[in-house]
Every structure is written in C-alpha cells, then in structure tokens.
Amino acid sequence: MSQDFRIKEKGYINRNKIINFKFNGKNYTGYEGDTLASALLANGIHLVGRSFKYHRPRGFFAAGVDEPNAKLQVQLNGHSEPNVNATEIELVEGISATSQNCWPSVEFDVGAINNLLQKFFPAGFYYKTFMWPKSFWYKIYEPFIRKAAGLGIASTKKDTERYEHKFEYCDLLVTGSGPAGLASAYAAAKSGAKVILAEDKHRFGGSLLMDDVSIDNLSGKDWADKIISELREMPNVIVKNRSQVFGYYDHNMLVMFERTGDHLEKKSEFTPRQRLWYIRCKEVILSTGSIERPIVFGNNDTPGVMLSSGAKEYMKVYGVLVGRKPIIFTNNDSAYETAIEFKNNGVDPLILDTRKEQSSDLINDAKNKGIKIKFNHAVIKADGYKKVKSAIIGELSEDKTTYKNTSSVECDCICVSGFWTPSVHLASQSGNKLKFDKEIDAFVPDKSKQEEITVGAANGNFTLHDTLNAGFNAGSKVSKKLNNKDVDIQIPNVTEKKHKTHDKFWCAPLPKNIKAKRFVDFQNDVSVTDIEIALREGYRSIEHVKRYTTLGMATDQGRTSNLNGLQLVSNIENKIVPEVGHTTFRPPFTPVTIGTIVGREVGKHFMPTRLTPMHNWHIKNNAVFVDAGAWKRPRYYKIGNETMLEAATREAKNVRDKVGICDVTTLGKIDVKGPDAAEFLNRVYTNAWMKLPVGKARYGVMLREDGMVMDDGTTTRISEHHYHMTTTTAQAANVLSHLEYYLQIVWPELNVNVVSTTEQWAGAALAGPKSRDVLAKLFPNINVSNESLPFMGYIEGDLFGVPARIFRISFSGELAYEINVQSDYGLYMWEKMMEIGKEFGIQPYGTEALSTLRIEMGHVAGPELDGRTIPYDVSLDGMVSKKKDFIGKRSLSKIAFNEANRQKIVGLVPVDRKTSIPEGSHLVVDKNAKLPNPKLGHVSSSCWSVENNNPFSLAIIKDGKNMIGKKLFAVSPLKNKSIEVEVISSHYVDHEGKRVRS
Amino acid sequence: MLYIKCPFCGMRSQNEFAYGGDASVKRPELNKDVSDKEWDDFVYNRKSLRGKHIELWHHVSGCRQWFKAQRDTATHEIFKTAMMNEEI
Ligand SMILES: [Zn+2]
C-alpha cells in the first residue's frame, strides 16, 4: 500500500521529500511534515494498539495532544521509547514504531480474551478482585496485571541523548499560537514588551490551519504566517514551535518542554534532543484553545471512530482522508465543516445531527453541496471489530432517551463531535478556580489567581471575531500594565460562518436489545457501566469516582473523557454539572521524558564534585575514593592485592608506630573575626572561650537549642580578634548558617563576622610518634619542641617559601599536627611532606584508617553525633561549662536528659575477639527473646583495633554507665548475625591521653 | 518555585534560599531563668498558621543574609520582605 488515502495537492506537507518508516515490522512511506499518525492514516492504517484493560482493538481518535489511543513504542537512533503519542511525533527517516499492549501482535492479541471476560473487570476491579487471598498478590495477581497492562517497555540502556535546561525571563508568555495567542503576542510585542510565544505543534496557527475563515482577505494560515514572520523580526520576541508549556507553578513560573532534536534526521553532537525551559514571567496569556468533546455511543472505541476535528485536521493539514464512507455524528455546527471538507475532496458523508431540523450558514452550505443530513439522529453502536464496517443508527424520540426506529448504515469511519471543551489545565494549575459556563456546558477560568489571563477558545470564546478581539485586547492591556504604553492596532476584518447552539446530547442511549460497551475514557478503558457501578456502590465525590474507576487518570489526563464523565454522573445523580464539581488538574499537561527533567545533571554532573588540591597525587598513588558529601576523599591507598581492611590496618598501624599523613582539606573552616569574637564563641560552644590566648587552639562542642550535639572541632586564636574555626566535613555548611543566624538575628549587637574559608586552605594531618621529627625538618627555622609548640599550640611558619599554619591538634590520638597552606600550594606541601617524611617511614592514610584510629581512641564523630545525642551521652560531660550560658544549655536540664539510666557511649569487643560487629547492630540481652526483643541501644562505629588486634566498636546504650563488664548480644538481622559482645570503656587505647601531649 | 525579593539582592528564585521558620519566635535572653514552658515554646512549639505568616528566609546561595518575609502559607503569596532590623 502506498499512501492510498492521500488527497492530491492538499495539506501543508512537503511532497518533495518522501520519508521511509516502519510500523509493526512493515515498511511504509510518508512525507516530510507528517506526524506518525498522519502517515499511517495516509496508508490506510487505523488499528494501532490494544486497549489497556480489555485489549480491544484501538485506532486513532484525534490528531493532537487529545489522542487517547495511539501510544506507540518508538525506535529511533538505537533508542526505544514507550508511550509516544503518534499524533504528536513528527515523521523522520528511519523511525520505527510498534504497537503496545498486545501479544503476540496487534492483529491477533491473546489478551483480548479479557474482552470476553469483561464482567470480571468492572469498576474497582483492582480493589475487589485482587485483594483476596493476600498470598496470591505477589505470585499471581501482580505478575498478571503487569503483563496484561504492558503499556510499552522502558529501555534498560543508557540514554546517550543530550538534554538541556534553560532559564528565561520575560514580560509576557503566550501559550499557544492560535488566533488568540497570535493576536495577544502581537499586541504586546508592538509595545516593546519582551514576549515568548510558545506553540506545541510544529506549525503555528492552531485552529487557523483548519477553519474555513478569512482575516483581512487572507486565509487563516496565511494570516498566521504573516504575524509569525513579523514577530520573528522583532528583537524583543522569542517565537518557539514544538514547545509545550506543561506546568504553571507559583509566582508565575512556567515550565516548557521543547522538542529540539526529535524531528531532525541528523543532528550535531551538541544539539539537545529536548530542552526544558523554566520561564519566569511577569504576565501570562493562556491561549491554549479547546479540545473537541466526543459523544459516547456503543463500541465507540472501534478503529475508524474519531473526533470530527481530527478528521478535518488530517484532511486540511496533512492531505489525508480518514475514510471514504464517513458518518459525521454531531450535536453542533462545527462538524459540518468536516463534512464539507470531505465533500470538497470527492467523498460523500452522511451527517447525523442530534438536533431538530434547523438552518444556519454551515447547515445551509452543507445542504447546498448536496450532503445528506439526518436530523434527530444518533449513532447507537458501531459495528466491525478491527475497523468500523457499519453503524446502527436511530431516530431519536422526543425526549431523546429512546429511538423511534433504528437501521444499519455502511460506513468506514465515524467522525464524532460533541461540541468543545476549553483547555483550562494551565489556568487551573495556576490556582484559578474554574467556573461552569452553562452556554457551552464546560468549565472556563474564573478570577485570575496569578498574573494570568485566558483568552480565546480556552476561555469559551468560539468565534474568530471574539477571539481575535479578546487577544488584541489582552495583549494591549498587558503592555499598558507593563510599559504604560498604548498600542494602536487595527483589529482585522474577519469573515466566518455563524454557528447555531449545540445540543446537550453526549451519550447515546443503548436499547435493551443492543449489547455494546460505551467508553467514556479510552486510555483507561472506563465505560458508562463502570461509572454507574461506582455510583451504585456509594461513591459520590467525583474525586472518589475518578479513583475507583480510574476515569481520567491515564496519561491523556482525561482530555476527551472528563466532561463526559461529569455529565454522566450529574445525569445519574440528578445534579447539574457544577454541583458535581471537577477533579484537579496537575502538571505535566502532556507526558515529559525523564531525560528532559534531569537535563545535564547525569553521570558525574549529577552533583558537583569537590576535589582537594592533592587529588591527582591520590589517584597516582592508588587511592580508592569515598564520597564525603560532594568531596572525594581517599578511603585507603591500595598496595598490591590488599583488601580494604588490610590496607586500612597497615595505614593505621603505621600512624601508631611511625608517622602518617592524611588529607584533611575537606574539614569545614570558618574565619570568626571581630572584637566580640571570643564572646560569640563562648555562646556558641559549650565550653569556656574567654581566656584562650593568641596562638592556642581549643576543642569545642556546639549544640542545637534542643540540647543535641550539632558539631565539634577545634578553634584557634590566630590573633587578637581573629579565630579560625574548624567543623566536620559534613556539617560545614550547616554550622555557617547556624552562626549567621545567631549573629544576624539573635545577637546583632555582637561585632563579629563569619566567613567560610574551607576552599582557601589545603590541610594535611601529620600523625604518629615520628611526626615531630618530620615537622622539624619541614620547618628548620621553628622550634617545634614540646615546650615551644605544646599540645593545642599554634604557630606560623615558612614551608620552603610558602606561608603555613601549624596546629598541634590530634584526631588520631597520637602526637599530631595539622598544617594548612593556601590551596594553590596544597600539592606542593603534600609532596614536600612525603619527601621529607620518607626517612621516617611516612605513609598516606585514608578515611578508613582515620576512623580506626579515632574509634579505638573513643573519639566521637558523625555516627555518634547523629542529632540524637546530648554531650552527656557521648562522654563530653567535661566539655559542658556549669558557669556560663550557651546555645542549648537550658535543654540539658530536661528531666529525660538527666535520668539515671540515660543512654551512654561504651566500647564493645566480641567475646571471641574475632568476629567483627556490623555497624547498626542492635544490642539485646537475650538474642532468642520473643519479638519485639527489647533493644538497649545500637552499634555506632566499628573497626579492627590495630593496637589490640581484634574488633572493637563504639555503641550508645541505655544505662551505659552501669553496663561496663556485662555481656550482651549485637544482633544484625540485615546481615543475619548475632554476636556475643562484652561492654567495656569507650577509650580502648591510651586512656589517659598521654600520647597527644608527648 | 517561589520568587522571593531578598532585601539586599532583589528578586531571586526560591532555590537560592533556605527557609528559617517563624520570625516572631524570640530566643530567651542568655543567663535568664527560663521556665520549662517558656523554653519549650521557644524550641518546639509552633502554630503552623494558615494565612499571613511572618517568617525567616536565608539567602544561602546569595548574600547569606537572613531576612523576614510576610507570606500567605496557603497561597504562597509574598506580600513583603524586610531586613532583620526593619519592621514588617
Ligand atoms: Zn541576598
């Protein structure tokens, strides 16, 4: 078959460029400018998929975003993407699409048996059928539902396409380039406002591309083209096609999805496939148009049944006939245009109009063209399985609930029109409460919530004259508001045909003797019966009915089903539609690829990476890295086939025996400056700071106001009014915010400033009994003796030409120093230290060894200071001043914090002195006790003690003070381990702290 | 995403800021005897108002200043922002 349904010389496609594509394995051709849908229809293909629940054959129902059925799996450039809307994707060479939700093929689908079993799949079938017995869920029901509900297959391959994000600011964003959008963008742009005009489709013009109108003696399309080219000339306007504004968020932030590369046969390496725009605008004009509403009838889901507007669009824009024997089933005038278009292309349609015989411009036109019209008629049921073959039609009774007579009419498509539904999604997302417009039987935006105006068909304005007027007025109003400028624009002359009122007829009654399903929601297979059942079972709120039946919950967001569902509920409940209310519209308006949402934040760009100046040295020396926030830190330096434990043990032992060097650049550093700095520190830390002399460091603990330890670290008095504070790597940012909070809000009278200097200094810890020897050679001009540079001393020196800060502080519990130089000299410092330390047996050590050293010393860190411990819990009692007040002090007098059996840090060793205790293990008295086994506490940190050559852990347990010497079980259900442990002191090595002072 | 006027930097997107809670909370003075109730009200008890709320924001990815904002907690409308030493 080769495009047998293509009309000669019609449409805006490029017939000079033939495009080859595949559908379900067969080769077809289409033209440049086609969508996948129009190209398939040109080849006479209607059957594109199977329905979600019953696997019924489904065909194209629309020509745009309103399409509920044609969701295909699309392969292009080696990628496979599920749920692609065939009516929205442009045809490109080599594209290959397959139907979803069918097995083994769309023509013969085993799952269609569900259709015969339909009485087992009524509304709420998930809730009822699959609830019992519970044991069936994982093995039977869930796999069954998953297989049956296979809406496409997500790719497991890495997405190699490029996606981008863009931030844009403008005065006015106009969403939709139909007549209303063009007019308002034009009017505002003329005044000089910065305007963005966004059009979802490839072609601008919206309804102007389809409707038989003229503006200033130009066809709708020519006028649209003229305005667009004028707008494109203006430097203050951005005109975007293939761009869907899908979300309206707070404070006029809208998000738009641009298909930048999908339509390109070849694109450069740096052309993104899709782009996400965050647009912050002063004003928004919503000109999103309207969507045709279907009329529900029997088997209305048969392929060949489609919206009348869709059929017209396929003819006018793509030059494609959707059938050669069409029935036009309508309750209003607009479908007459479709009938006339058919007639103009040599096809004889039959119009069934539910209204009484009447006349209007369009009706008379149709009559004059010899089109057959049956008033007072409806389609009761479509016949044909994979394609419509005929329809049972009926003459309606006076009250339209029964038929006077019925007959069968041959046809190959049924074009249905139930009037128009304004697209109010974005207005609703903005917070605009919708109101029901009785004139058009649909919801329209009410009072603006944000700076937004809705114009044109989206506002229920269905004549071109009114729409253009509203558009120009809205544009002028906005520009007046923005620039206080009046724009003088001649509103063009419009020729259009007047329409008669529509009929309130949206669901064809089904006589008792005719059996057929009548679908309200195609994508989720929700029928009239399902809604009736939900109401019968007592569901009243429309939100509940929606969830119980899944009406409007598919990816098409019920664009063609919501109003008919509401109408049905209101008919059954004898209420008017606005009393039933409507469900909530939420972004995104159309599905957005995950790739677009993620943008460039993939792989190593997922989050920023912070590297120390010594990073490349670590790489060269076989460091295995660990993430510490955004930082990369060496975890250990691997030699040969060492395991992590072996390496960490070697490194830690080398510190205990000789000397080690550790990159501590990542520690948070904050400069605290000002005459009141000491007073400020005194309030921030739990211990006393008023008497710290210049050239001395002090360990400090800071609390939150609730008494929990927030962070710890050393702070050094560099000069009279200058302190250098260090924080843990993890808490650096929080501590700075915390300090700023107190300085700016609580104690603004203190003359102190704080600033982060983390990035400014590179740091290296030099630890071990030989560290002083290394230091002496590093700084030959400084007296580094214990007397001259004692524990907690500070001195400045010259490191081979580089100014350095030397702190005698220790985290490892050994004699140790930390040396800081300007970041740029970090690697220089490190290499000098390695070079000079060589003769003393220096080795680098990573975070594993660092942890081992601090754990066996009983020094607390992040796992103990987890926001749930007060100083008393972690043996920091000595750090808490009794004399002065400080942040969080009042909380420490809470009764619970002072109970005799309060939790406390302890040490643990396994009774067998061999088995390592997993971190996170729970401590219990009896490992075999009945569940829930009372928990005494948990293991916070574990290591292999290099000093004692056996496992050692820190734990926080209830009544820890009195538990020393007792035996407990450390139970880890995760690792399926339970280990008998002995409770000992948390200071496993060097109880008296002699080494740091040696 | 909210659009917030930092009193020092001007209009910026919400992702540059951190929220700081109720601005009317006053920390009890240092070295003052504080009852349990008074202290708990300061540390824990918040009203979680619906409607106009004066709250703290911190321009973390900007000038690093804390400031006050009057916001409607239901609609997110921000009526006013002010420096800490200004009345709102
Ligand atoms: Zn700022």
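The following exchange concerns a predicted model and treats a helix, a sheet and a chain interface.

Biologist: How many Å apart are the end C-alpha atoms of helix α22 of chain A, and what span should its residues give?

Modeller: Helix α22(A) covers residues 826–837, which is 12 residues. At 1.5 Å a residue the helix should span 16 Å, and the model agrees, because the distance between its end C-alpha atoms is 16 Å.

Biologist: Which strands are the edge strands of the sheet on which α22(A) packs?

Modeller: The sheet is open, has 6 strands with mixed pairing, and runs in the order β41-β42-β43-β40-β34-β44 in chain A. An edge strand pairs on one side only, and the two strands concerned are β41 (794–799) and β44 (843–844) of chain A.

Biologist: What angle does the direction of α22(A) make with that of β40(A)?

Modeller: Strand β40 (residues 761–767) pairs with β43 (residues 816–822) of chain A in the antiparallel sense, over 7 bridges. Within this pairing, Ala762(A) has Val821(A) as its bridge partner. The helix α22(A) touches both strands, among others of the sheet, and its direction makes with that of β40(A) an angle of about 15 degrees.

Biologist: Which residue of chain B meets Glu740(A) in a salt bridge?

Modeller: Between them, chain A and chain B bury about 2300 Å², with 53% of it on carbon and sulfur atoms. Across this interface the rule finds 4 salt bridges. In one that joins side chains at 2.8 Å, N to O, the partner of Glu740(A) is Arg64(B).

How values were computed:
Residues numbered from 1 in each chain as written. Chains lettered and ligands numbered in written order. Predicted model: local features only at pLDDT ≥ 70, side-chain atom pairs only at ≥ 80, totals over all residues. Heavy atoms only, no water. Helix = DSSP H or I, 4+ residues; strand = E, 2+ residues; numbered from the N terminus. Expected span 1.5 Å × (residues − 1). Pairing = 2+ DSSP bridges. Contact = heavy atoms within 4.5 Å. Axes fitted to C-alpha atoms, helices over the stretch in contact; angles between N-to-C directions. Buried area = accessible area lost by both parts, 1.4 Å probe.
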